[in-house]
Amino acid sequence: MTSSDTVPGPDTPSGTASVPTSAKVEEYVFGGLVVALGVFTLVDATTITARGPLGSVGPRAFPYAVGALLVVTGVMAIVATLRGRLGPAEDAEDIDTSVRTDWATVAKLVAVLVAHLALIDLVGWPVAAMVLFFGAAWTLGAIWWKALVVAVVLALVVQVVFASGLGLSLPAGVFEGVPLLDG
Amino acid sequence: MGNLTALLEGFATAAQPEYLLYALLGVTLGTAVGVLPGIGPAMTVALLLPLTYSLEPTAALIIFAGIYYGGMYGGSTTSILLNTPGESSSIVTALEGNRMARAGRGAAALATAAIGSFVAGTIATILLTALAPTIADLAVTLGPADYVALMVVAFTTVAALLGASPVRGLASLGIGLFIGLVGTDTLTGQQRFTLGVPTMSDGIDVVVVAVGVFAVGEALYVAARMRHGPVEVVPVGGKWMTAEFWRRSWKPWLRGTLIGFPIGTVPAGGADVSTFLSYAAEKKLAKRPEEFGKGAIEGVAGPEAANNAAAAGVLVPLLTLGLPTTATAAVIVAAFQSYGIQPGPLLFTNNSAMVWALIASLYIGNVMLLVLNLPLVKIWVKVLQIPRPYLYAGILLFAALGTYAVNFVVDDLIVLMVIGVVGFFMRRHGYPVAPLVVGLILGPMAEEQVRRTLQISQGSLSALVTSPFAAVAYSILAVVLALAIVMRVRRRITRPVDAPQP
């Protein structure tokens with residue numbers, strides 16, 4: 001270990017300069033969350049009622065081990081990040097590695113998912129599904145009216161297949177009582 | 001000879017029109033998800049789990065096996081024709097296959113991949129047929145301590161030996177183990193980590209976790225940095241099969257099979273390792289090594305065969321020991337469990353008819369896949385071109401649907417979203433997701449076996465290592481780990497400035 005990789009300053013020639021600080025901050029936060037989950041596991045494990053024959057291993061032992069694993073690996077991930085060894089981001093076919101993270105799109109997709117799960121009990125699955133598909137496709141760059149047509153058709157087809165074919169019925173909501181759609 | 005009779009009976013079952021249709025459905029779906037980026041076999045099997053509860057187990061498992069094999073075939077089409085490879089086990093195929101396609105020899109690349117997959121898949125399925133019952137007979141004698149040893153080996157190899165960062169792999173395993181703990185302890189009936197929420201007392205459903213981490217996590221990850229514009233597919237050109245094609249392909253197919261099958265069988269992480277080894281072997285043995293990197297057909301034929309042979313190899317520990325060594329295998333174990341069947345040594349005695357029908361369907365599925373992937377490759381090229389906004393919107397919709405269909409409660413969708421966001425950040429920071437899924441499914445099994453061992457030994461920890469089988473397993477693991485550490489340290493010495501990967 002040379003001294004240059006213990007403190008990766010912004011001007012070190014070893015390529016560390018290309019790592020944006022935001023990526024490092026994120027890594028620290030995620031590593032911290034792993035540690036936090038481990039601590040929670042260890043603490044909450046003490047509240048599990050442990051009764052059983054003497055000499056047997058109760059319901060607490062495994063949680064302690066898992067909590068310890070999380071704390072140790074979380075701390076080690078933070079240390080690795082400190083030393084400049086960041087986790088390489090995963091590859092995928094549809095990823096453009098040259099662009100910056102588009103947080104707005106991620107936030108919109110999460111919002112669409114929240115809307116979907118909130119709407120199911122209010123207006124039924126078909127409408128909630130239309131909102132989910134239309135919202136997601138539009139957010140990702142589809143032409144709005146095309147996305148809307150596909151969303152409506154897809155949601156209704158799935159609803160009919162479920163109601164008639166699979167013997168599982170999704171809540172019809174606003175379509176209650178409509179033949180084919182209400183199973 | 002009893003096994004041959006059983007296999008023939010399996011064929012009699014699997015050849016019934018109804019089961020043939022299920023197999024066709026499975027391999028078609030499998031090829032589609034293999035071709036499409038963003039979804040893989042693990043997620044597809046998880047999504048279909050709630051929808052197949054109304055089917056009998058044999059039918060459902062034939063579909064799942066078709067998806068599993070089909071995903072391997074479809075992946076190669078994508079890596080040959082799309083400029084940007086995905087599915088980790090076919091990255092090597094992209095090296096040469098994509099070059100071949102761009103040089104106007106795409107047809108030959110697709111043909112050697114499909115026929116190689118068929119040859120390897122069939123030979124490996126024959127090996128599976130021959131080996132599995134024998135291993136199952138041996139496995140019956142294993143005690144709980146031996147199972148603990150096998151699971152520790154699986155955990156360690158899946159989490160720590162593969163992937164760029166062992167620490168992050170182990171952290172991912174830990175998250176999976178934690179999710180597996182949530183719910184009611186099977187041995188004492190105590191609630192663990194349910195936060196007082198009643199729906200949590202049944203635990204978090206495997207479907208919700210697998211779909212969350214694969215589908216939602218992947219969709220968010222791609223959305224954050226999506227490649228916009230039309231999908232660029234290399235047109236298929238050149239001759240399909242020439243005399244030279246056969247002459248140069250058949251040996252790599254066989255070598256790939258010989259490399260892939262054993263690697264799939266031992267818990268060494270499934271297909272990836274085998275494709276790299278096969279590629280290296282072909283490069284070394286090639287008469288014209290200078291062609292490698294410019295589109296050498298051997299570099300497609302070998303790894304593709306290895307990939308499929310390994311996929312069949314993974315089924316050996318899965319069916320005989322109940323030990324999943326890849327994410328897809330872990331989800332298939334969950335599928336077995338949802339029907340109240342525990343894969344393992346007793347499977348061949350207790351569910352003999354089902355397991356042989358399943359194995360017979362693998363042979364049939366391979367033939368179907370050859371037809372689906374060679375003459376019908378044009379269809380998959382169309383599938384590959386689905387505009388990405390619709391593809392990922394569809395993935396999200398079916399993820400939400402599959403999750404909701406498990407219990408028809410909105411709570412599951414909240415869990416899905418949380419796990420999806422976790423999966424998103426894991427991908428961003430090099431935390432592999434496969435250990436999470438393997439940990440989730442093997443964790444509760446491992447805990448039960450540890451506690452059973454210690455109950456029998458009355459708390460003496462030495463019982464975990466004194467069984468001869470367990471001792472051998474731990475020793476092999478220790479040797480492999482030591483080797484891995486030596487190799488890592490060496491690599492670090494040759495590259496003294498530890499440049500982080502972007």
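Mentor: Before we start, one term: a helix here is a DSSP run of H or I with at least four residues, a strand is an E run of at least two, and both are numbered from the N terminus. Also, keep in mind that this is a predicted model.

Trainee: Got it. So how many helices and strands are in chain A?

Mentor: Chain A has five helices and zero strands. Read from the N terminus, its elements go α-α-α-α-α.

Trainee: And what does chain B have?

Mentor: Chain B has 20 helices, plus two strands.

Trainee: What share of the residues is buried in each chain?

Mentor: In chain A, 37% of the 183 residues count as buried. For chain B, the figure is 62% of 502 residues.

Trainee: What radius of gyration does chain B have?

Mentor: It's 22 Å, and a compact globule of 502 residues would come out near 23 Å, so chain B agrees with that. Along the principal axes, its C-alpha atoms fill a box of roughly 65 × 60 × 50 Å.

Trainee: What about contacts inside chain B, how many join residues at least 24 apart?

Mentor: Counting contacts between residues at least 6 apart in sequence, 79% do. In chain A, 53% of the contacts with a separation of 6 or more come from residues 24 or more positions apart.

Trainee: Switching topic: how many residues of each chain are in contact with the other chain?

Mentor: 83 residues of chain A touch 85 residues of chain B. Together the two chains bury about 7,400 Å², with 71% of that on carbon and sulfur atoms.

Trainee: Which residues of chain A lose the most area there?

Mentor: A:Phe30, A:Glu93 and A:Asp94 do, and together they make up 11% of what the chain A side buries.

Trainee: Any backbone oddities in chain B?

Mentor: Two to look at. B:Phe193 has a positive phi of about 55° without being a glycine, and phi of B:Phe408 is also positive, near 55°.

Trainee: Why point those out?

Mentor: Because most residues other than glycine have a negative phi.

Trainee: Where is B:Phe408?

Mentor: Look in the loop between helix H16 (388–407) and helix H17 (410–428) of chain B. B:Phe193 is in the loop between strand E2 (191–192) and helix H8 (206–224).

Trainee: Is B:Phe193 buried or exposed, and why?

Mentor: Buried means under 20% relative accessible area, and B:Phe193 is at 4%, so it counts as buried. B:Phe408 has 28% relative accessibility, so B:Phe408 counts as partly exposed.

Key
Residues numbered from 1 in each chain as written. Chains lettered and ligands numbered in written order. Predicted model: local features only at pLDDT ≥ 70, side-chain atom pairs only at ≥ 80, totals over all residues. Heavy atoms only, no water. Buried < 20%, exposed > 50% of the residue type's maximum accessible area, 1.4 Å probe, protein only. Contact = heavy atoms within 4.5 Å. Rg over C-alpha atoms; globule rule 2.2 N^0.38 Å. Buried area = accessible area lost by both parts, 1.4 Å probe.
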